[in-house]
There are 2 protein chains.
Amino acid sequence: MNKTTKITIIADDRERQSQVIGFLSDMPDISVQISRLATGDYLADNRLIFERKTLNDFAISIIDGRLFKQISRLANSRYKPVLILEGTGRDLSENGIRREAMQGALISISLIYGIPVLRAMNPHESARLINYATLQIRAIAGGGLSNRGGYHPKTKSKRQLFILQGLPGIGPKKAKNLLDRFGSVEKIISASIEELQLIDGIGKNIAEKIKWAVHEEKAAYGFNDDFDI
Amino acid sequence: MNKTTKITIIADDRERQSQVIGFLSDMPDISVQISRLATGDYLADNRLIFERKTLNDFAISIIDGRLFKQISRLANSRYKPVLILEGTGRDLSENGIRREAMQGALISISLIYGIPVLRAMNPHESARLINYATLQIRAIAGGGLSNRGGYHPKTKSKRQLFILQGLPGIGPKKAKNLLDRFGSVEKIISASIEELQLIDGIGKNIAEKIKWAVHEEKAAYGFNDDFDI
DNA sequence: TGTTTTCGATCTTGA
DNA sequence: TCAAGATCGAAAACA
């Protein structure tokens, strides 16, 4: 599956002038696209959403109150959010915000909202963090999007059995029986109700449900309650 | 955990020589006790467990492999864990660990294990972070979703469900079924094995485990490595 | 009805 | 924190 697929990163177009994009593009296994994101600045692997803020931006957004709106949106995103704080202590000597205020905000973000906070010294390091974090998440959570748990068995026959178990009324036993008799997922899908009933343990009831599930109906799609950004 | 405004902090005795304890004791609304903790360095309000590490300790424990054992124990603690990293960049110029290795570890800790990481410049700031964090958590306690871990729901029925989920084999669904049928925690606790089995999803096995758990036996409690006082 | 299988819920573990 | 796998009990489905 995704063993050595490139990491796809979508960068928000408002980050276009940031150096981070340049550094990301220079990395060998990353492909960067630019587009408008509803929330966050970088969407990696369709899984992690990074919000990058310089220390100054951070301080300012505390003052003007923008911060917690953004954080709250991040926290409710369907992607796993990460905040990258960029800059060193020196960078915020100018604006008058107190260190305590920043720390208070950081406590809220990481403890209350549960959003991980990473620190970078400069745009180059931000890019590196995005890269590492994505790789680590990938290493754990297998390949691509999580359709059914995100996990897919690797051998073909396991995979076939796995697919079949998604059918209504079919568990490991009947999946095996089906596969033994029909030989392939494709043949099973296109089998008639009568043919299906030849299998041990499959009666009219289950056979009908399978055909029902497999026979695509337009109306079934169109709305799903998985909310978008 | 009532209206007592004082925060109670239990400090691990191995932190005894650390300045943090002194700073905590100097804070007006904090009372510090010293004792041996199974995990972590500071237990605040019976709710948050802080692991404090200087940057050097952190670097060293990456190298010698201790780090992830500790982190894993922290993550499985019944309290909400927080890692405090103490020190400035200068402090780790000496040991040869590479910045990338530290960042990789931080990514794992905060992203994978979900443990918030806070930064302090010195022991005084560590103490302040412990204080602030505890106050903030207190302010919202009961609001957020939570696994059992010191956040106690406020309404009676929530609290009852919460208690029931501590029983073996009982999760949210069965907790609700039990409460619907018996009406009170007390009745459930004193119900017979046969009565318990009347509930959907509870068979002989779980019923027996519940009675076993509820029927106190002196011998069962020799040592509890989760929490010592 | 009895037997087998699926399925939902919980727990455990590991990263 | 989070996801995968194992386990147990209930209930569906078949015969």
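The surface near DNA strand C (near meaning a heavy atom within 4 Å) is made up of 10 nonpolar, five polar and four charged residues. Here Ala, Val, Leu, Ile, Met, Phe, Trp, Tyr, Cys and Pro count as nonpolar, Asp, Glu, Lys and Arg as charged, and the others, Gly among them, as polar. This is a predicted model, in which local features need pLDDT of at least 70 and side-chain atom pairs pLDDT 80 or more, while totals for chains, interfaces and linings use all residues. Residues are numbered from 1 along each chain as its sequence is written, chains are lettered from A and ligands numbered from 1 in the order in which they are written, and side-chain values use heavy atoms, with hydrogens and water left out.

Among the 19 residues around the strand, A:Gly169, A:Gly171, A:Lys174, B:Gly169 and B:Lys173 come nearest. Of the strand's atoms within 4 Å of the protein, 74% belong to sugar or phosphate. Backbone N or O atoms lie 2.5 Å from a phosphate oxygen at A:Gly169 and 2.8 Å from one at A:Lys174.

Turning to salt bridges (a side-chain nitrogen of Lys or Arg within 4 Å of a carboxyl oxygen of Asp or Glu), the whole structure holds 28 over all chains. One of them joins A:Arg52 and A:Glu15, with the closest N and O atoms 2.9 Å apart. A:Arg52 counts as buried (under 20% relative accessible area, 1.4 Å probe, protein chains only; exposed is over 50%, partly exposed in between), because its relative accessibility is 14%. In chain B, B:Arg52 and B:Glu86 meet at 2.8 Å, N to O, and both are buried.

Terms used
A polar contact is a pair of N or O atoms within 3.5 Å; within protein, one must be able to donate a hydrogen and the other to accept it, and residues adjacent in sequence count only if both atoms are side-chain atoms.
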